[in-house]
Amino acid sequence: MFFSQAGARPRRWEASQSEHKKWVEVFKACDEENKGYLSREDFKVAVVMLFGYKPSKIEADSVMSSVDPNTSGILLKEFLDIVRKKNEAQLYRNEIRHIFTAFDRHYRGYLTLEDFKKAFKQVAPKLSERIILEVFRDIFSS
C-alpha cells in the first residue's frame, strides 16, 4: 500500500479545550451515579452523544476488553483517550474521502488510471509516469 510522506497515517491530534471540556461533561453526564467510571451501557450512551451512532457489540466488546480488569468500567482518562482516537480516525477518514473526491473528477465513485495520472500531474508534476503507474497498481491491486 502507498503512503505519502505528507501523513497518510492518522496523525496524533490534540483536542481543543472546548472539545476536551465537552468530553468530560459527557463522561460526567453518562456516569449518572457518580461511580467514577462508565459501564458498557454508559459508554454506548456517551458514543451516541458524541458521535451520533450506537456502537456495535463488537466495538463495545473491544473497548471493554481494553479496560483495566481491576476497575469496573472505563475511567475518565481511558474514556478521553478512546474519544481522542475515535475523533482522529473520523478526521482521517474525512481527509481520505476529501482526497478521493478531488481525484474522482467525474463523480463516478471510482478512479481510473487517467484520473490518477491527471491528479498526480497537478500535485507532483515531476513524478515519472512509471512511478504513477506502479503506485496505481499497488493501491488498486490490494
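**Close-up views of a predicted model**

**Figure 1. Y107 in the loop between helix 4 and helix 5.** Y107 is found in the loop that runs between helix 4 (76–103) and helix 5. The model shown here and in the other views is predicted. Phi of Y107 is near 55°, a positive value in a residue other than glycine. Most residues other than glycine have a negative phi. The relative accessible area of Y107 is 69%, so this residue counts as exposed, the cut-off being over 50%.

**Figure 2. N34 in the loop between helix 1 and strand 1.** The loop containing N34 connects helix 1 (17–30) with strand 1 (37–38). N34 is a residue other than glycine with a positive phi, near 50°. With a relative accessible area of 67%, N34 is exposed. A positive phi in a residue other than glycine is thus shown for N34 and for Y107.

**Figure 3. Surroundings of D115 in helix 5.** D115 lies in helix 5, which spans residues 113–123. The relative accessibility of D115 is 3%, and D115 therefore counts as buried, the limit being under 20%. The side chain of D115 makes a polar contact of 2.4 Å with the side chain of R108. Not counting residues up to four places away in sequence, D115 touches F103, H106, R108 and Y110. R108 thus appears both as the partner in the polar contact and in the list of residues touched by D115.

**Figure 4. Crossing of helix 5 and helix 6.** Two packed helices are described by the angle between their axes and the distance between the axes. For helix 5 (residues 113–123) and helix 6 (residues 129–140), the axes come within 10 Å and cross at roughly 130°. This angle makes helix 5 oblique to helix 6, because it falls outside the ranges for roughly parallel (under 35 degrees), roughly perpendicular (65 to 115) and roughly antiparallel (over 145). The crossing is right-handed. Helix 5 contributes L113, F116, K117 and F120 to the contact, and helix 6 contributes E129, I132, L133, V135, F136, I139 and F140. By class, the residues of this contact are nine nonpolar, no polar and two charged.

**Figure 5. Surroundings of D42 in helix 2.** D42 is a residue of helix 2 (residues 40–51). Its relative accessibility is 16%, and D42 therefore counts as buried, under the 20% limit. A polar contact of 2.8 Å links the side chain of D42 to that of K35. Leaving aside neighbours within four places in sequence, D42 is in contact with C30, K35 and Y37. K35 is thus the polar partner of D42 and is also among the residues listed in contact with D42.

**Figure 6. Crossing of helix 2 and helix 3.** The axes of helix 2 and helix 3 (residues 57–65) come within 11 Å, with a crossing angle of roughly 120°. At this angle helix 2 is oblique to helix 3. The two helices make a right-handed crossing. On the helix 2 side, R40, F43 and K44 take part; they meet K57, A60, D61, V63 and M64 of helix 3. The residues of this contact divide into four nonpolar, no polar and four charged.

Methods: Residues numbered from 1 in each chain as written. Predicted model: local features only at pLDDT ≥ 70, side-chain atom pairs only at ≥ 80, totals over all residues. Heavy atoms only, no water. Helix = DSSP H or I, 4+ residues; strand = E, 2+ residues; numbered from the N terminus. Buried < 20%, exposed > 50% of the residue type's maximum accessible area, 1.4 Å probe, protein only. Polar contact = N/O pair within 3.5 Å; in protein donor to acceptor, adjacent residues only side chain to side chain. Contact = heavy atoms within 4.5 Å. Axes fitted to C-alpha atoms, helices over the stretch in contact; angles between N-to-C directions. Left-handed = near helix turned anticlockwise from the far one by under 90°. Nonpolar A, V, L, I, M, F, W, Y, C, P; charged D, E, K, R; others polar.
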